[in-house]
Amino acid sequence: MTTTVQDHDKQALADGATIERSAVYYRLKADVEDFYYHEADLLDDRRFRDWLALLAEDVSYFMPIRRNVKFGQQAARENTKRGEGISWFDEDKWTLTKRVEQILTGVHYAEEPLSRITHMVSNVQIKGARPDIAAARELDVTSRFLVYQNRVEYETYIFVGRRNDTLRLTDNCWKVARREILLEQNILLAKNLTTFF
């Protein structure tokens, strides 16, 4: 049996996707992937001030702490909540800027000398578009990441997880308006969290 592109689009919608996988979707997805690759390059090249320019002024940057919970309680209890209790990050543009400024002093206790970091991004999917996919001004995007960090001589850390982003079109370029980072660790296996995700 031959499957057509149109059949594939219908199947994608049937599998729970909210946006039809059309040519418009794939062009926009390619733009979003390029945005993420550019963001990764800026972070890996230690161009932190340029990275800050990719963040909306009202950005929310959140990484919950993940808990081990009983089966069936994952949705309600596995992740700490934004604005409640503790989390790895619950930051805005001001606090992210202060973190960058601290690193760039050259006397940061955990970033002197600077770490060598590589960000890998994959599994990019557009989950929502406002007002619609053809005239999108805001996108809900999911992705996966792998971040490799090497410090001084022998310290090596690997972070793996997912990101749920809201990207906003501002001045003809995408900016991160909201980022939720889900690190696939219950206990932090690194000595610190100085990297950006």
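Which residues make a nonpolar surface patch of about 440 Å²? I started my notebook with that one, keeping in mind that this is a predicted model.

**Entry 1: the patch.** I found M120, L146, Y148, I158 and V160 making up the patch. I then checked which strands contribute: β4 (138–151) and β5 (155–170) each give at least two of the patch residues. I picked out L146, which sits in strand β4. Its relative accessibility is 34%, and since buried means under 20% and exposed over 50%, L146 counts as partly exposed.

**Entry 2: strand β1.** Next I looked up β1, residues 55–64, and asked how much of it is buried. I got 8 of its 10 residues, so the rest of the structure largely encloses this strand. Then I went through its partners. With β6 (residues 173–183) it runs parallel, joined by 4 bridges. With β2 (residues 87–91) the pairing is antiparallel, again over 4 bridges. I liked Y61 as a marker here: R179 stands opposite Y61 in β6, and E91 is the bridge partner of Y61 in β2.

**Entry 3: helix α5.** Last, I turned to α5, residues 93–103, and listed its buried residues: K93, L96, T97, R99, V100 and I103. They span an arc of only 160° around the axis, which places them on the same side of α5. I jotted down the reason such spacing works: an α-helix has 3.6 residues a turn, so residues three or four places apart point the same way. What do the buried residues of α5 pack against? I noted α3 (48–52), β1 and β2. That brought me back to β1, the largely enclosed strand of my second entry.

How values were computed: Residues numbered from 1 in each chain as written. Predicted model: local features only at pLDDT ≥ 70, side-chain atom pairs only at ≥ 80, totals over all residues. Heavy atoms only, no water. Buried < 20%, exposed > 50% of the residue type's maximum accessible area, 1.4 Å probe, protein only. Pairing = 2+ DSSP bridges. Patch = residues over 30% accessible without salt bridge, like charges linked within 9 Å, V, L, I, M, F, W, Y side chains within 5 Å. Areas by Shrake-Rupley, 256 points an atom, 1.4 Å probe, with all protein chains shown as cover. Salt bridge = Lys/Arg side-chain N within 4 Å of Asp/Glu carboxyl O. Arc of directions from axis to C-beta. Contact = heavy atoms within 4.5 Å.
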